[in-house]
Amino acid sequence: MSAEEKLEVLRNRIDELDEEIQTLINARAKCARDVAEVKLGHGKDTHFYRPEREALVLSRVVERNAGPMPDETMMRLFREIMSACLALEKPLNVAYLGPEGTFTQAAALKQFGHAVQTLALDTLDDVFREVEAGAADYGVVPVENSTEGVISHTLDLFQQSSLNICGEVELRIHHHLLVKDAAAKVTRVLAHQQALAQCRGWLEANLPDAEHVAVGSNAEAARLVSKDASSAAIASDTAAELYGLEIAAQNIEDQPDNTTRFLVIGPQQVQVSGNDKTSLLVSVNNRPGALYELLQPIAEHKISMTRIESRPSRQAMWEYVFYIDVDGHRDDASVAAALAALEVQAFSVKVLGSYPKAVI
């Protein structure tokens, strides 16, 4: 058999597989639509987006993946299939910290797929407010960066909010230097303050005389630079495309594994997925040994604490609350027992949410 004949056989096989894949995707979509009809017809839970269910589906995708497609690519394909099927049940509105082209938007699309309707908002407060008011089904907000630490304002907003954490997304962050005119001299660099900090070393080495200007988001920096040839923005390749900018330098972040963690906020409590995390907001009386006593129940019940951060309580001067992340779900026996003990020790305990851990 000649090479051309072999190619013809392979192409015919690909055509056959494409037809099978298309048939199966439509069969899955029909099942999703039937699920919606059952829920609506029998008064079942009408939260059509189930983070624990999606996490379980994606974990099974990884478990059975035999290649040659990488796990991350296979998960991305299935995420888009699930997104399209969910849109047949109920199109979701997802708010995020805008404008269009931010890393927060990229995190929202990674979590929900491209079949959702996204809503760009100006501030973190606006994202919380829109979800609380029901104008958006869910919101996506940044909470910490592997290089620069927590985004304090996100943590502070949970003190007064009734929303739950429904999921988390981890996104590798690659910063690029964007310009309107590559031949022009750069006198200012615009970016979110976190991005400026994450690229401090590169900027000092390559643009030592440029002024650093903090703005609301990297996408906003790109929008402003699209009107100013003497300025540069630190932003994503998506922002470069949106605002018609040139990439003068790629991957200028100081840490090559630079990663930002985002939280999905919404009205519902999430059920057990089997690989969960629980976030708590705990306040204690200001007395010697209070923090030690606070942590004892977590240690005694052999629960792994993955993060603790303190923030002003906003109630009285020099009083603090603690944001704590632990492994496990609030309904797990060990976590439930630790929470019960914490409620005795602490002044107040608020469970911000139990949710599936971030996937690839």
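At roughly what angle do the axes of α3 and α4 cross, and within what distance do they come? The axes cross at roughly 80° and come within 8 Å. This model is predicted. The legends below start with that helix pair and then turn to pockets and cavities.

**Figure 1. The crossing of α3 and α4.** The two helix axes come within 8 Å. Their crossing angle is roughly 80°. Angles of 65 to 115 degrees count as roughly perpendicular, so α3 is roughly perpendicular to α4.

**Figure 2. Residues where α3 meets α4.** From α3, the contact takes in R79, E80 and S83. From α4, the partners are L109, K110, Q111 and F112. By class, this contact has 3 charged, 2 polar and 2 nonpolar residues.

**Figure 3. The largest pocket.** The space in this pocket is about 910 Å³. Its lining is made of 31 residues. Closest to the centre are E72, A106, K110, L171 and R172. Four elements give two or more residues to the lining: α3 (71-89), α4 (103-112), β5 and α10 (237-242). The largest share comes from α4, with 6 residues. The lining divides into 11 nonpolar, 10 polar and 10 charged residues. K110 links two views: K110 is among the residues closest to the centre of the largest pocket, and K110 also takes part in the contact between α4 and α3.

**Figure 4. The second largest pocket.** This pocket has a volume of about 500 Å³. It is lined by 28 residues. The closest to its centre are L97, P142, I151, H192 and Q194. Several helices each supply at least two lining residues, including α5 (124-132), α6 (152-157) and α9 (218-225). The strands β3 and β11 do so too. α7 (193-198) gives the most, with 4 residues. What classes make up this lining? There are 16 polar, 10 nonpolar and 2 charged residues. α4 supplies at least two residues here, and α4 also gives two or more to the largest pocket.

**Figure 5. The largest cavity.** The model holds 3 cavities of 30 Å³ or more. The largest has about 120 Å³ of space. Its lining has 16 residues. Nearest its centre lie V143, L155, R261, Y323 and D325. The elements giving two or more residues to this lining are β3 (138-145), β11 (259-266), β12 (276-283), β13 (305-312) and β14 (320-327). β14 provides the largest share, 3 residues. How many lining residues are nonpolar, and how many are charged? The lining has 10 nonpolar and 5 charged residues, along with 1 polar residue. β3 and β11 appear here, and both also supply at least two residues to the second largest pocket.

**Figure 6. The second largest cavity.** The volume of this cavity is about 100 Å³. Its lining is formed by 14 residues. A55, R79, Q111, P356 and K357 lie nearest its centre. Which elements each supply at least two lining residues? They are α2 (51-64) and β5 (164-172). The largest share, 4 residues, comes from α2. By class, the lining has 8 nonpolar, 4 charged and 2 polar residues. Two of the residues nearest the centre, R79 and Q111, belong to the contact between α3 and α4. β5 helps to line this cavity, and β5 also gives two or more residues to the lining of the largest pocket.

Key:
Residues numbered from 1 in each chain as written. Predicted model: local features only at pLDDT ≥ 70, side-chain atom pairs only at ≥ 80, totals over all residues. Heavy atoms only, no water. 1 Å grid on protein atoms, 1.4 Å probe; cavity = no way out; pocket = protein on both sides within 12 Å on 5 of 7 lines; lining within 4 Å. Points joined across faces, edges and corners; volume = space filled by probe spheres on them. Nonpolar A, V, L, I, M, F, W, Y, C, P; charged D, E, K, R; others polar. Axes fitted to C-alpha atoms, helices over the stretch in contact; angles between N-to-C directions. Parallel < 35°, antiparallel > 145°, perpendicular 65-115°, else oblique. Contact = heavy atoms within 4.5 Å.
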